[in-house]
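Here are some exercises to work through with the model open beside you. Try each task yourself before reading its solution.

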Amino acid sequence: MHIFNKANSRDTGDLEILTSHMLIGSRNVGNAGISIQVSSIPVGSEQPLHRHAPEQCYYIIRGTGLMVIEEERETVNTGDAIYVPGDTMHGIKNTGSEVLEYLTANAPAFDAQYEDRLWPGHPHKQK
């Protein structure tokens, strides 16, 4: 059994624009067919527009944001789930008055090289 959380997962390091933890992925579950991340964006910040081959789903845990998928822009709120087709330009901006926190899952899993580039921070040592 594999159990992961923010304390024992790789993260994005000290970025001002967002914090993301790779909860399940190629580096900690080698044969995973899916990657799962939890991320938070401070008020007024955003996840830059980007694309990747795997399809992805976002689930808004708390907060309000503006989701962008190609030319579409929609307000998203706590409890919303958003599907992003593979190889599609997308990103999300915090438009609310609190931290925007969301869970993302993508399939297939990001490969190890992609994880190393975006989640270079190593898990904190348990005390």
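The exercises below cover two sheets, a group of rings and a pocket.

Residues are numbered from 1 along each chain as its sequence is written, and side-chain values use heavy atoms, with hydrogens and water left out. The model is predicted, and local features need pLDDT of at least 70, side-chain atom pairs count only at pLDDT 80 or more, while totals for chains, interfaces and linings use all residues.

**Exercise 1. Trace the open sheet of six strands and find its edge strands.**

Start with the terms. Strands (E, at least two residues) and helices (H or I, at least four) are DSSP runs, numbered from the N terminus. Two strands pair if DSSP finds at least two bridges between them. Strands of a sheet pair through backbone hydrogen bonds, either parallel or antiparallel.

Step 1: the order is β1-β2-β3-β10-β5-β8, and the pairing is antiparallel. The edges are β1 (10-11) and β8 (81-84), each of which pairs on one side only.

Step 2: look at β1 and β2 (residues 19-24), which are antiparallel and joined by two bridges. Asp11 faces His21 in β2, and Arg10 has Met22 as its bridge partner there.

Step 3: carry on from Met22, which also stands opposite Gln37 in β3. The β2 and β3 pairing is antiparallel and runs over five bridges.

**Exercise 2. Work out the order of the open sheet of four strands, then place Met67 in it.**

Step 1: this sheet reads β4-β9-β6-β7, with antiparallel pairing. Because β4 (46-50) and β7 (72-77) are at the edges with a single partner strand each, one side of each has no neighbour in the sheet. From one strand to the next, the twist averages 20° (axes are lines fitted to C-alpha atoms, and angles run from 0 to 180 degrees between N-to-C directions).

Step 2: Met67 belongs to strand β6. Five bridges join β6 (residues 64-69) to the antiparallel strand β9 (residues 90-94), where Ile92 lies opposite Met67.

Step 3: check the burial of Met67. Its relative accessible area is 3%, so Met67 is buried (under 20%; exposed is over 50%, partly exposed in between, with a 1.4 Å probe and protein chains only).

**Exercise 3. Classify the ring pair of Tyr114 and Trp119.**

Step 1: recall the rule. Rings of Phe, Tyr and Trp (its six-membered ring) pair if their centres lie within 6.5 Å; planes under 30 degrees apart are stacked, over 60 edge-to-face, and the rest tilted.

Step 2: the structure has four aromatic pairs. In the Tyr114 and Trp119 pair the ring centres are 6.4 Å apart and the planes are at 55°, so this pair is tilted.

Step 3: add the surroundings. Ring pairs connect Phe110, Tyr114 and Trp119 into a cluster. Tyr114 is buried at 16% relative accessibility, and Trp119 is buried at 6%.

**Exercise 4. Describe the lining of the largest pocket.**

Step 1: on a 1 Å grid over the protein atoms alone, a pocket is an open set of points where a 1.4 Å probe fits, with protein on both sides within 12 Å along at least five of seven lines; lining residues have an atom within 4 Å of a point.

Step 2: the largest pocket has a volume of about 370 Å³, counted as the space filled by probe spheres set on the points. Of its 22 lining residues, Leu18, Gln47, His50, Leu118 and Trp119 are the closest to the centre.

Step 3: β4 gives the largest share of the lining, four residues.

Key: Nonpolar A, V, L, I, M, F, W, Y, C, P; charged D, E, K, R; others polar.
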